[in-house]
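Here is a short report on side-chain packing and charge pairing. Please read it alongside the model.

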Amino acid sequence: MWRSLASNMLTFLIVGLFLVGGVILWGKSQYTAEGPLGEAICLRVERGSNIIKVSRDLADQGAVRHPTIFRIGADYTDKAGKLKAGSFLLQPGASMEQIVDQITRGGASTCGTEIVYRVGVNHTFARVRELDPATNEFVELAEFDPLVDEAPEAYVAKRDEVDTRYRIALAEGVTNWQVVEALKAIDVLEGEVGDVPAEGRLAPDSYEVVPGTLRADLVAQMQNRQDLRIAAAWESREEGIPLDSPEEMLILASIIEKETGVPDERGQVASVFVNRLQRGMRLQTDPTVIYGVTKGKGVLGRGLRQSELRQATPWNTYVIEGLPPTPIANPGLASLEAAVAPARTEFVFFVADGSGGHAFAETLEEHNRNVAKWRDIEANRPGQ
């Protein structure tokens, strides 16, 4: 009898072990298998959340079939306690294993809300936008000018969320004054701006920030990035360029930046100024005259007067010889590169052509014809 009972118990134990092993293998296969998610979603993990709440949220959104297996897998791999707050873009078919890895790995949020502060030449704005996971495109929620407008409710609400991302974008051609005024108005930054480097020494680029970022630290980062670009561009300069120093390169690059917004034209515009410098011709460029009037504090907002074109200022290149004493804006990398590697042309003139670009000329006669065409375009514009 005891022998029979022991035999039966052993049989039950073996069967039980097989069943447990089968359940474990099944659970493991479920944990690593393709998930049920049919389209991308944005999973938001609140600060202070736990793996139990996250597993329920995933089940409610149809991202996992078995929240218990999700929790066991996270515990077994020692990742349950490494949960990160943020918003995570989960792709269709993501397995539980992939989701656990994504929400415990850390780093920046991959979806959710982004607030972009763009410092432009003519306008500064803050834009609140949210990623639509289904289309992987951003949907704009609000836009306003932080320099003059009251912050809208959508901005205030999203600004207070822990997973909102922030980015400050400097456009090519902005002046230091424009950058400083914008940084003062961005309320997620803290502290004084501090010492501002000379004109031209702030790199137009995109900068990730977090609430509490110090304004002075951000300015230092902008300067360091521009210093590296200046050094690299000067190192790669072509032979024969009529520039004696990185500072002269920076001045010329700033003029190129202000003269054209067409990327393919930068080399030609640079060639005009290089040719003029080599031939001893005055640069005669309007943006330098404007800088002499405004000192970089905003845009002129009107055409130049004849008296301003004749007025002697250190930046009036209709009056002075060679380059002005300082840059007139912060040039981007492409303009720095154009200054030291211009297109090889004989152009010494250019004028707007009505398409957003310019017509270039080698002779005054040809230039005068281009000017006449431009004046006809202006005269025939609606409202003139």
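A charge sits over a ring if NZ of Lys or CZ of Arg is within 6 Å of the ring centre and within 35 degrees of the ring normal. Arginine 237 meets this rule: its charged end sits over the ring of tryptophan 234, 4.0 Å from the centre. Arginine 129 has its charged end over the ring of phenylalanine 138, 3.9 Å from the centre.

The model is predicted, and local features need pLDDT of at least 70, side-chain atom pairs count only at pLDDT 80 or more, while totals for chains, interfaces and linings use all residues. Residues are numbered from 1 along each chain as its sequence is written, and side-chain values use heavy atoms, with hydrogens and water left out.

**Aromatic pairs**

A pair of aromatic rings is described by the distance of the centres and the angle of the planes. Rings of Phe, Tyr and Trp (its six-membered ring) pair if their centres lie within 6.5 Å; planes under 30 degrees apart count as stacked, over 60 as edge-to-face and the rest as tilted. The count by this rule is six aromatic pairs. In one of them, the ring centres of phenylalanine 273 and phenylalanine 350 are 5.8 Å apart and the planes are at 80 degrees, so this pair is edge-to-face. Phenylalanine 273 belongs to helix α9 (residues 266-279) and phenylalanine 350 to strand β8 (residues 349-352), so the pair ties together parts 77 residues apart in sequence. Helices (H or I, at least four residues) and strands (E, at least two) are DSSP runs, numbered from the N terminus.

Phenylalanine 350 also pairs with phenylalanine 360: the centres are 5.7 Å apart and the planes at 40 degrees, so this pair is tilted. Here strand β8 holds phenylalanine 350 and strand β9 (residues 358-361) holds phenylalanine 360; the two are ten residues apart, and the pair links distant parts of the chain.

Buried means under 20% relative accessible area, exposed over 50%, partly exposed in between (1.4 Å probe, protein chains only). Phenylalanine 273 and phenylalanine 350 are both buried. Phenylalanine 360 is buried as well, like its partner phenylalanine 350. One aromatic cluster is formed by Phe273, Phe347, Phe350 and Phe360.

**Salt bridges**

A salt bridge is a side-chain nitrogen of Lys or Arg within 4 Å of a carboxyl oxygen of Asp or Glu. The structure has 20 salt bridges. The table gives three of them.

| Acid | Base | N to O distance |
|---|---|---|
| Aspartate 227 | Arginine 201 | 3.4 Å |
| Aspartate 205 | Arginine 225 | 3.1 Å |
| Glutamate 257 | Arginine 266 | 3.8 Å |

Aspartate 227 lies in helix α7 (residues 215-235), and arginine 201 in the loop between α6 (176-185) and β7 (206-209); the pair links distant parts of the chain, 26 residues apart. Arginine 225 is in helix α7 and aspartate 205 in the loop between α6 and β7, so their pair ties together parts 20 residues apart in sequence.

How accessible are these partners? Aspartate 227 is partly exposed at 30% relative accessibility. Arginine 225 is partly exposed at 26%, and aspartate 205 is partly exposed with a relative accessible area of 26%. Arginine 266 is buried at 14%, and glutamate 257 is buried at 9%. Elsewhere, salt bridges that share partners join Glu114, Arg129 and Arg167 into one network.

**Buried acids without a salt bridge**

Lys and Arg count as positive and Asp and Glu as negative; His and the chain ends are not counted. Which side chain of opposite charge is nearest to glutamate 259? Glutamate 259 is buried and has no salt bridge; arginine 276 is nearest, 9.3 Å away. Glutamate 259 sits in helix α8. Contact means heavy atoms within 4.5 Å. Beyond its neighbours within four places in sequence, glutamate 259 contacts Val269, Phe273, Thr285, Asp286, Pro287, Phe350 and His358.

Glutamate 265 is placed in the loop between α8 (246-259) and α9. Glutamate 265 is buried too and has no salt bridge, with arginine 266 as the nearest side chain of opposite charge at 9.0 Å. Outside four places in sequence, the contacts of glutamate 265 are Thr260, Gly357, His358 and Phe360.

**Threonine 288**

Threonine 288 is in helix α10 (residues 286-294). Its relative accessible area is 0%, so threonine 288 is buried. Not counting residues up to four places away in sequence, threonine 288 touches Ile255, Trp315, Thr317, Pro324 and Ile328. Its C-alpha atom is 9.7 Å from that of glutamate 259, 29 residues apart along the chain.
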